[in-house]
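The following exercises concern the packing of helices, the pairing of strands and the surroundings of a ligand. Each task is followed by a worked solution.

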Amino acid sequence: MENTVVRIKDLVKRYGDLIALDHFELEIKDGEIFGLLGPNGSGKTTTINCLLSLLSFDKGDIEIFGKKMTPVSYDIKKEIGVIMQNVAVFDELTVYENIDYFCGLYISDKAKRRQYVEEAIKFVGLEDFRKFYPKKLSGGLLRRLNIACGIAHKPKLIILDEPTVAVDPQSRNRILEGIQELNRNGATVIYTSHYMEEVEQICTRIAIMDKGRKVAEGTKDELKRMIKNTETITIEILELPGKVLGEVAGLPHIYDADYVDGRLVLSCSGGKHNLTRVLDVLHKHELGFGRVYTELPTLNDVFLEITGKALRDKED
Ligand SMILES: Nc1ncnc2c1ncn2[C@@H]1O[C@H](COP(=O)(O)OP(=O)(O)OP(=O)(O)O)[C@@H](O)[C@H]1O
């Protein structure tokens, strides 16, 4: 369980003047679902491409399964399954033929290959689409085909680069459950995404990237413990006199209080009875209020606190 599957040391990758990876380090252990989380352009895809030796780099070392990774490390490559951001299948081949083609790159025994292809089709739920050509598949089904092509040869390390972009919720859930099942069956998984909810849902350990650097790493609980925020309280309230806002802001454990558009938002650090104390103040001043909710910190809060900006674009 504790064997190192991937080790990236001091990786530097430049595109001209742009430093895409800035002394990036990473260690991934056997059996992990490792999440590489970061906003667009933070260097996730560049990391994966360097890892796979698809891209040369300026400095650093990469080892996979304890061996140095090079463009001709075919013994390593055959143990890796890759599902890239852009769907890469042949339009002129059917679903079955596509999976058979990719599986055939690694598995020459025909009977074994037939079995593996059938297992992959079943795994992604494309049984009814065996003879379909990719053009006839919806975006979600096409993604599932892409995944089947990447995992049919039963790789020990599976790398998925944003596999759920532009995928409907049903296919998205299926993909996430599928990744967890592959992991339960023994595969180590690297999963890149800028969707923090997905990473929170399935990843056992997470590295957060920004501008080619690793800004934080740990389990999701460890990451959340790194920041000041432990709870955000929101109270819908029509009117809030300035002196009451001041009183609330002065309560213990509240380090930020904001009242905008009828919403009082309080950031708390530690403490057990923050909400009760706030409501006591409102009662004392006989102020009515609407909905009240409290939220635990998210990975976005972690990113926000470390980098000063939100993790993902609004349109996502
Ligand atoms: N071929 C290239 N030539 C020049 N710059 C590039 C190239 N590929 C990537 N970059 C730049 O390198 C940086 C890292 O890009 P990369 O695609 O690795 O980020 P990412 O985190 O995977 O983003 P996304 O979520 O958008 O895929 C970005 O600033 C990007 O514009």
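The exercises below refer to this structure, which is a predicted model.

**Exercise 1. Helix H3 and its two partners**

Determine how H3 is oriented relative to H5 and to H4, and identify the residues in each contact.

*Solution.*

Step 1. Begin with the geometry of the first pair. The axes of helix H3 (residues 95-104) and H5 come within 7 Å and cross at roughly 30°. Angles under 35 degrees count as roughly parallel, and H3 and H5 are therefore roughly parallel to each other. Their crossing is right-handed.

Step 2. List the residues of this contact. H3 contributes Val95, Asn98, Ile99 and Phe102, and H5 contributes Leu145, Ala148 and Cys149. Sorted by class, the contact of H3 with H5 holds 6 nonpolar residues, 1 polar residue and no charged residues.

Step 3. Turn to the second pair. Between H3 and helix H4 (residues 110-124), the axes come within 10 Å and the crossing angle is roughly 125°. H3 and H4 are therefore oblique to each other. H3 passes H4 in a right-handed crossing.

Step 4. List the residues of the second contact. On the H3 side are Tyr96, Ile99, Asp100, Cys103 and Gly104; they meet Arg113, Tyr116, Val117, Ala120 and Ile121 of H4. The contact of H3 with H4 comprises 7 nonpolar, 1 polar and 2 charged residues.

Step 5. Compare the two lists. Ile99 of H3 appears in the contact with H5 and also in the contact with H4.

**Exercise 2. The pair H5 and H6**

Classify the packing of H5 against H6 from the angle and the distance between their axes.

*Solution.*

Step 1. Two packed helices are described by the angle between their axes and the distance between the axes. For helix H5 (residues 139-151) and helix H6 (residues 169-184), the angle is about 15° and the axes are 9 Å apart. H5 is therefore roughly parallel to H6.

Step 2. Add the handedness: H5 and H6 cross in the right-handed sense.

Step 3. Assign the contact residues. Gly140, Arg143, Arg144, Ile147 and Ile151 of H5 face Gln170, Ser171, Ile175, Gly178 and Leu182 of H6 in this contact. The class composition is 4 nonpolar, 4 polar and 2 charged residues.

**Exercise 3. The ligand shell**

Establish which residues surround the ligand, and which elements supply at least two of them.

*Solution.*

Step 1. Collect the residues. Around the ligand are Tyr15, Leu18, Ala20, Gly38, Asn40, Gly41, Ser42, Gly43, Lys44, Thr45, Thr46 and His194.

Step 2. Assign them to elements. Strand E2 (18-29) and helix H1 (44-51) each provide at least two residues of the shell. H1 gives the most, with 3 residues.

Step 3. Sort by class. The shell consists of 3 nonpolar, 8 polar and 1 charged residues.

**Exercise 4. Two open sheets**

Give the strand order of each four-stranded open sheet, name its edge strands, and locate the helices that lie on the second sheet.

*Solution.*

Step 1. Strands of a sheet pair through backbone hydrogen bonds, either parallel or antiparallel. One open sheet has 4 strands in the order E2-E1-E4-E5, with antiparallel pairing. Its edge strands, E2 and strand E5 (67-68), each pair on one side only.

Step 2. Examine one edge. Strand E4 (residues 59-64) and E5 are antiparallel and share 2 bridges. Glu63 has Lys68 in E5 as its bridge partner.

Step 3. The other open sheet has 4 strands in the order E12-E13-E11-E14, and its pairing is antiparallel. Here the edge strands are strand E12 (254-260) and strand E14 (292-295). Neighbouring strands of this sheet are turned by 15° against each other on average, direction ignored.

Step 4. Within it, strand E11 (residues 231-236) and strand E13 (residues 263-268) run antiparallel and are joined by 6 bridges. Thr232 has Ser267 in E13 as its bridge partner.

Step 5. Place the helices. Helix H9 (residues 242-249) lies across E12 and E13, at about 155° to E12. Helix H10 (residues 274-284) packs on the sheet and touches E11, E12, E13 and E14, its direction making about 30° with that of E11.

**Exercise 5. A hairpin**

Describe the connection between E9 and E10.

*Solution.*

Step 1. Strand E9 (residues 205-210) and strand E10 (residues 213-218) run antiparallel and are joined by 5 bridges. Met209 has Lys214 in E10 as its bridge partner.

Step 2. E9 and E10 form a hairpin with 2 residues between them. In the turn, Lys211 has a positive phi of about 50°.

Definitions and conventions
Residues numbered from 1 in each chain as written. Predicted model: local features only at pLDDT ≥ 70, side-chain atom pairs only at ≥ 80, totals over all residues. Axes fitted to C-alpha atoms, helices over the stretch in contact; angles between N-to-C directions. Parallel < 35°, antiparallel > 145°, perpendicular 65-115°, else oblique. Left-handed = near helix turned anticlockwise from the far one by under 90°. Contact = placed C-beta atoms within 7 Å. Nonpolar A, V, L, I, M, F, W, Y, C, P; charged D, E, K, R; others polar. Near = placed C-beta within 6 Å. Pairing = 2+ DSSP bridges.
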